[in-house]
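Student: I should like to take a close look at a single part of this structure. Could you please begin with one pair of residues and then work outward to what surrounds it?

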Amino acid sequence: MYQYDTHDQAMVDARVAEYSDQVARRIAGTLTEDQFKPLRLKNGLYLQLHAYMLRVAVPYGTLDSRQMRMLGDIADKYDRGYGHFTTRQNIQYNWIKLEDSPAILADLATVGMHAIQTSGNCIRNTTADHFAGAAADEIADPRPYAELLRQWSTFHPEFDYLPRKFKVAIIGSETDRAAMKLHDIGIQVVQNEAGETGLRFYVGGGMGRTPMIAPVIRDFLPPLQMISYLEACLRIYNAHGRRDNKYKARIKILVHEIGADAYRTQVEEEFAHILTLNLEPPPAELERIKAQFVDPGFDAAATDAIDLSDPDFALWVDQNVHAHKAPGYAIVTVSLKPVGGIPGDATADQIRLMADLARDHSFDELRVSHAQNIVLPHVKKSDLYAIWQQLDAAELATANLDLISDIIACPGLDYCSLANARSIPVAQKIAQRFSDIGRQRELGELKLKISGCINACGHHHAGHIGILGVDRKGLENYQLLFGGSEGADTSLGSIIGPGFSEDGIVDAIEKATDVYLAKREADERFIDTYRRIGTAPFKEAIYG
Amino acid sequence: MGETLIRLRDDAASTAPVVALADLASETNATAVRVLPGEDVSALLPLLDRLELVEVAFPAYTDGRGYTSARTLRERGYTGELRATGDVLIDQISHYHRCGFDAFLPNQPITRAAVDKAIATWPEVYQRTVDGRAPIWAARHG
């Protein structure tokens, strides 16, 4: 994976110095809170309901064991012994003191980490397929492009005060594991008929209040023009994106209002101009980065045989282990969704254990998935049982990947100052209701996503079952959506009827799963049955 | 207002009256123009030769349209004074400078020393813009 050179390190060190100075000026009172707020946000520091929250960047979700260990140590040293992995492949700490934040950034900088642009109206941390470099179905590892993009977007002087936040996701497989079409820009590495590699640009997707699936703006871009094309995409948005209403300021609204064709025309015109300016890093730079993402030294003698005589282990292998491109290897997903737990949370000890497992068994690499789990991308199949035993002892071996209890949930009203309703207790109650793993497996793949407000941080629009918490006359109320999906079959869920109380929403979901079990054909998933039979049978069972 | 103009240029400051962008075409003797957020600087491009001052207004520093206006003018060949006015704060100075601004007229006075320090915030830069700085990729590959 990518290692900082002296240039990258100098940039991060400069940021620590700049931020420390800003905090000192705030504490001294020479910066007002209004002036300080956008500055701290660009360092991922939010003021939440109970304390400051610090969001640390994990660029394209990839990190090594040294970095992971530091994340655990920070949880112990500055927080309450745990951290929260997010849908943006980052980690958040919920109980931070303002005066500690410069020291945290200094600690992070010692392992090449930071909180740069993890909030604010700027280009956010770029996300990527969490199976990048390991998936059996990959055309190309998207991370070299993501790293090139990381560098270009870091402290970009023209695009630091955009109309609104800006999120880019990049994938290199036909299978979309990054919800790419629901980002401001989604980039897919593709091959044309001549076998040449190119980049397909989707622009103007997003969730939030007004969910939209991004249209294709450029079908095939030569990879060595990526930065120039991004400059053009962002420039048109910065100049013309709406600033009169923050809820209409994302690029999806611009693309929707002027139309994809008009946006494309403007971008192409600007792109032609930008190509004359030689802003693109040379081919050698992409090659330098690619060289750091070459395959680790896979053992050619690794075997595919796994002893599955332990039934609990066999269950976990079946549910949480994916095919790897190298023979004898597998991709392990460590579920951070134990029944009764908080989705995405991990203790400092758990974080350090996962770091050790990555060091010893996964070529020193880990990934954070947007589904708030941790991935060990390169594991020898012959090591799986030993890894599982250690995970199991640390309560990290829940075999529920992509099942109904593998819930994405935002922090909600337990932490977040924007939330209208709590998300965590709802997730816990659903997981408890369906705690029997056999029952969960009978229901099959069922992606359930919960947001505690309309901003949709819990991706409720993209859940096969989505839950949106709202405030109804001072009471928490939960709306139920069906039919959302991310990936190749991206679709947006629809609200099916009146909302529910916290207990009522759990009952409603149980009724919906009963309908599915009664109506499904062959190997249909919940989403497939829903798409085939429509809303009516579900509404009748739930409201009837 | 307590305004203090800080210029990073050696030539004399323009004393010409500053006209609105919409009036520039009809005010054929005008050499100084003000650009507001949302105004399209492409209207200035045919007139760049006669301009010695472009003021780009930042009514609120969080409105970043002026960065695109400035960088566009420099990319298209404007060499006169490019002045950021309004809610111009020290923490944005390095970005202004990287986008081509070479003069600042902030609502709240800031010192020349603070401006120089702000411009020196970043030891290196990742992007090629219009300030002439070589990006990190150039340093890596000569």
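Tutor: Let us begin with Leu448(A), which stands opposite Ile465(A) of strand S18(A). Please keep in mind that the model is predicted. The pair belongs to a longer arrangement: strand S17 of chain A, residues 448-451, and strand S18 of chain A, residues 465-472, run parallel to each other and are joined over 4 bridges. In general, the strands of a sheet pair through backbone hydrogen bonds, and the pairing may be parallel or antiparallel.

Which strands make up the sheet to which S17 and S18 belong? There are 5 of them in chain A, in the order S16-S17-S18-S19-S20, and they form an open sheet with mixed pairing. Its edges are strand S16 (408-409) and strand S20 (494-495) of chain A, each of which pairs on one side only. Helix H15 of chain A, residues 502-519, packs on this sheet and touches S18 and strand S19 (475-482) of chain A. The direction of helix H15 makes about 15° with that of S19(A).

We may now turn to the nonpolar cores. As a general tendency, nonpolar side chains are buried together in soluble globular proteins. The largest nonpolar core here has 166 residues, and the members that touch the most others are Val203(A), Cys233(A), Val332(A), Met354(A) and Ile430(A). Helix H6 of chain A, residues 226-240, gives the largest share of this core, namely 10 residues. Apart from its neighbours within four places in sequence, Cys233(A) is in contact with Ile185(A), Val203(A) and Val267(A). A second core, separate from this one, has 30 residues, among them Ile6(B), Ala32(B), Leu51(B) and Cys99(B).

Those last residues bring us to chain B, which contains 4 helices and 6 strands. Along the sequence of chain B, the elements follow the pattern β-β-β-β-α-β-α-β-α-α. The radius of gyration of chain B is 15 Å, close to the 14 Å that the globule rule gives for 142 residues, so chain B is as compact as a globular protein of that length. Of these 142 residues, 39% count as buried.

Finally, consider where the two chains meet. In chain B, 26 residues are in contact with 30 residues of chain A. Helix H1 (65-75), helix H2 (93-98) and helix H4 (136-141) of chain B are the elements that each give two or more residues to this side of chain B. By class, that side has 9 nonpolar, 8 polar and 9 charged residues.

Key
Residues numbered from 1 in each chain as written. Chains lettered and ligands numbered in written order. Predicted model: local features only at pLDDT ≥ 70, side-chain atom pairs only at ≥ 80, totals over all residues. Pairing = 2+ DSSP bridges. Contact = placed C-beta atoms within 7 Å. Axes fitted to C-alpha atoms, helices over the stretch in contact; angles between N-to-C directions. Nonpolar A, V, L, I, M, F, W, Y, C, P; charged D, E, K, R; others polar. Rg over C-alpha atoms; globule rule 2.2 N^0.38 Å. Buried ≥ 20, exposed ≤ 12 C-beta atoms within 10 Å, placed from the backbone. Core = buried A, V, L, I, M, F, W, Y, C linked by C-beta atoms within 7 Å.
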